[in-house]
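Please look over the sequence and the structure shown here before reading on. The briefing is meant for a reader who has not met this structure before.

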Amino acid sequence: MTENAAAAFPVTTAFELPGMVVQTDLGVAFGLVVRSMGVAKSFTAGFSAMRQGEVKQYTQLLEDSRRHAIDRMVENARLLGGNAVVAVRFDSSEMGQQLTEIVAYGTAVVVRPAAS
């Protein structure tokens, strides 16, 4: 998501947006991603995991998955009629040995600028 898109569609972990008033609560919006590292990258990451420190292959996979989950959550909020998402949270879990699930969820809302 570009910075202009983020500004046009605010997403926050807070329960409100500064300078905005929540007009309508549309319920839960979510974005779900299930990813596999793939055999080649898993093999390389396995060698990296043998020594101490960050396993960059897994870090990159999770960062990309988190962004993808946010994008899907925003799409879901738009389908619900929202123009923002508040109270955003993440959850992740492993499915078997090779799959990781990432979910982003929050409350889709319709906001308007607060009267001065």
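What follows is a short overview, and then bullet points grouped by topic.

The structure is a predicted model, and its protein chain has three helices and three strands, which run in the order α-β-α-α-β-β from the N terminus on. Of the 116 residues of the chain, 28% count as buried, while the accessible surface comes to about 7,600 Å², with 55% of that area belonging to carbon and sulfur atoms.

**Overall contacts**

- Among contacts in the protein chain with a separation of 6 or more, 76% are accounted for by residues that stand 24 or more positions apart.

**The nonpolar cores**

- The largest nonpolar core has twelve residues in all, and these are Phe9, Ala29, Val33, Ala69, Met73, Val74, Ala77, Val85, Val88, Ile102, Ala104 and Ala108.
- At least two residues of this core are supplied by each of strand 1 (20-36), helix 3 (56-79), strand 2 (84-95) and strand 3 (99-113), and helix 3 provides the largest share, with four residues.
- Phe9, one of the residues of the largest core, is in contact with Val74, Ala77, Arg78, Gly82, Asn83, Ala84 and Val85, when its neighbours within four places in sequence are left aside.
- A second core, separate from the largest one, consists of five residues, among them Leu17, Val86, Val109 and Val111.

**A buried serine in helix 3**

- Ser65 is found in helix 3 and has a relative accessibility of 2%, so this residue counts as buried, the limit being under 20%.
- Leaving aside neighbours within four places in sequence, Ser65 is in contact with Val33, Arg35 and Ile102, and of these partners Val33 and Ile102 belong to the largest nonpolar core.

**The nonpolar surface patch**

- Val28, Phe30, Leu32, Val34, Met95, Leu99 and Tyr105 make a nonpolar patch of about 590 Å² on the surface.
- Strand 1 and strand 3 each supply at least two residues of the nonpolar patch, and strand 1 gives the most, with four residues.
- Phe30, which is found in strand 1, has a relative accessible area of 45% and is therefore partly exposed, since this class lies between 20% and 50%.
- Strand 1 thus appears in two settings, as it supplies at least two residues of the largest core and also four residues of the nonpolar patch.

**Salt bridges in helix 3**

- Side chains of opposite charge can pair when their charged atoms come close.
- The structure holds two salt bridges, and Glu63, Asp64 and Arg67 are linked in a network of such bridges.
- In one of the bridges, the side chains of Arg67 and Glu63 meet at 4.0 Å, N to O, and both residues lie in helix 3, four residues apart, which is about one turn of the helix.
- In the other, Arg67 pairs with Asp64, where the closest N and O atoms are 3.5 Å apart, and these two residues of helix 3 are three residues apart, again about one turn of the helix.
- How exposed is Arg67 in terms of relative accessibility? Arg67 counts as partly exposed at 47%, and its partners are partly exposed as well, with relative accessible areas of 37% for Glu63 and 33% for Asp64.

Key
Residues numbered from 1 in each chain as written. Predicted model: local features only at pLDDT ≥ 70, side-chain atom pairs only at ≥ 80, totals over all residues. Heavy atoms only, no water. Core = buried A, V, L, I, M, F, W, Y, C linked by side-chain atoms within 4.5 Å. Buried < 20%, exposed > 50% of the residue type's maximum accessible area, 1.4 Å probe, protein only. Contact = heavy atoms within 4.5 Å. Patch = residues over 30% accessible without salt bridge, like charges linked within 9 Å, V, L, I, M, F, W, Y side chains within 5 Å. Areas by Shrake-Rupley, 256 points an atom, 1.4 Å probe, with all protein chains shown as cover.
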